[in-house]
Amino acid sequence: MLNRRKFIQQSAFTAGAMLASKWSMAEDASVQKLVILHTNDVHSRLEPFPMDGSRNQGLGGVAARAKLIEEIRAAEEQVLLLDAGDIFQGTPFFNLYKGEPEIKAMSMMGYDACTMGNHDFDGGLENFATQLNHAKFPVLLCNYDFTNTAMEHKTVPYKIFKKGKLKIGVTGLGIEMKGLVPDNLFGNTVYLDPIQKLNETASMLKKDKACDMVICLSHLGYQFKEDPNKVSDLILAKESEYVDLIIGGHTHTFLDEPVLVKNRLGSDVLINQVGWAGLQLGRLDFEFSKEKRKNFSGAKTISVGKKSL
Amino acid sequence: MWLQKRVTFKGYITVMNKTILKLFFSTGILFIVSCKPAFKSTSVQYKDYKIDNATVDTSYTSFLRPYADSVNRSMNMVIATLAADLEKKQPEGTLGNLMADAMKAMAEKYYNTKVDAAFVNYGGIRLPVVKAGVITKGKIFELMPFDNIVVLQKMNGKLLKEFLDHVASRGGWPVSGITMEIKNKKAENVLINGKPLDLSTTYTIANSDYVANGGDMSNMLRAVPQINNGYLFRDALIEYFASFTKAGKQITITIENRVTNAQ
């Protein structure tokens, strides 16, 4: 039923878009387009899975991902490339090089930003800080306080990207470390309430910085069936304000399609996550129109459809 | 002449108006930009690309080569030699015995304390057999791909018995420092360091953090505080296996009736 409704919405949208493109010869400056590419939980999978008969053999790896990203960048004007954490740990590359080739490859691919996952603590905070010397992109986190740790001043709570006429605010959330990350690895890091910190940041980005869109890179996890009250992207989206998109990670969830959730203000929040190990690259093509409402804090809806080739 | 003058006048007014309007609009737009978004997202189209390596950017392959060469060299590093095939088996197997011994020995070394018993959850052993001959670092990564950490927990005999009953109900897990029989899915005739289990004695137990955190249904361990220095179980295996080589020995391990099914 939901799919059917989405299909109808999508058909209506496509038909509308076709008519629009037929009738307006020139680029319509009141419509802006943004392509978001995203990964999560790549876990040091720099090379494809080995050809050993396993389910994922021959899949993943930076060489193929980079090629695809280059092709999309060549075809699209405004692209953001984002990662939702757990860059580290999972192949011997990490055990040997402590994350250097992972961060270097992401810089080569032109990642715009990432957040930090629990496994990015695995080599210790000193190591993560050291490896970030190879990063040409910021680590976004608004709910970890790294005061008096090696990571102090190495992350920023948000970054605003100017894409054409659009202002896109991006922030990030890390998961609670206690019980997940060994105590000695996170040291003095203080975990702050993700819902509260996100809402503060998102409200500031929308109201004070006039961002047209707010994206949260979240390593909280999509949902926890055995612990349904544990904060997850589904709960976060519901409790959020002024967030348009959550790019998730941690639970290695392969979503068939992005999930829409109504937030506290009745507006749509989109959640997406693309499994793990760089097996997939997620793509979301957003269209924007001029904001005409006098009071922009009213409920906002978005139509979601599957991109035809 | 009159007409021309009028046009000029009118033009002047128009220019004036435009300037005023421009001023008005620019201020207005500035005002709008500074306090509310100019655009809103109205639609989104999604697509997931499978990264199938049909086409690649070879500059990345070149970038990775020196790292990959080293990784392969490292993974091909011979850690030890096995005298005989090791098997994953329940209630007891040679592969599990070796891994549990590694857990106990390395926990004692890295926490500098006596450990009464060590466990490995059966499902955490990721190879059914390790063949006799050389064992490489890569093989140990296959055996234990998870980044489980060796942790210590102190518990009284009563709670330990509860955990042992759980181990028994799962068909028997690899143990070191302990012997027991499985009877009606319970642990019976438990001996620790050769002495019968005492319900009020405090024992020091080594486990993976996965099990200590309640993994594989070990819920009874969840509330027990952990001592955790981040030492990976895989590193413990590598070091323990290498200690045989250092001593000029091959690895030999047998079935010692650590865990048996009661007749």
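A residue counts as exposed if 12 or fewer other C-beta atoms lie within 10 Å of its own, and as partly exposed between that and the buried cut-off of 20 or more. Keep this in mind for two residues below. The model is predicted.

**Two residues with positive phi**

A:His153 has 8 C-beta neighbours inside 10 Å, so this residue counts as exposed. B:Asn189 has 13 other C-beta atoms within 10 Å, so this one is partly exposed. Neither is a glycine, yet phi is positive in A:His153 and in B:Asn189. The table sets them out.

| Residue | Phi | Place |
|---|---|---|
| A:His153 | near 70° | loop between β4 (144-145) and β5 (158-163) of chain A |
| B:Asn189 | about 50° | strand β10 (residues 186-192) of chain B |

**A cis peptide bond**

Chain B also has a cis peptide bond. It joins B:Gln90 and B:Pro91, with omega at about 5°. B:Pro91 sits in the loop between β3 (86-87) and α3 (94-111) of chain B.

**Where the chains touch**

On chain A, 66 residues are in contact with 42 residues of chain B. Several elements of chain A give two or more residues to this side, among them α2 (62-75), α4 (100-109) and β12 (280-290). β12(A) gives the most, with 11 residues. By class, the side of chain A that touches chain B has 33 nonpolar, 14 polar and 19 charged residues.

β12(A) also pairs across the chains. It is joined by 11 bridges to strand β1 (residues 39-50) of chain B, and the two run antiparallel. One bridge pair is A:Glu287 with B:Ser43 of β1(B).

Conventions: Residues numbered from 1 in each chain as written. Chains lettered and ligands numbered in written order. Predicted model: local features only at pLDDT ≥ 70, side-chain atom pairs only at ≥ 80, totals over all residues. Contact = placed C-beta atoms within 7 Å. Helix = DSSP H or I, 4+ residues; strand = E, 2+ residues; numbered from the N terminus. Nonpolar A, V, L, I, M, F, W, Y, C, P; charged D, E, K, R; others polar. Pairing = 2+ DSSP bridges.
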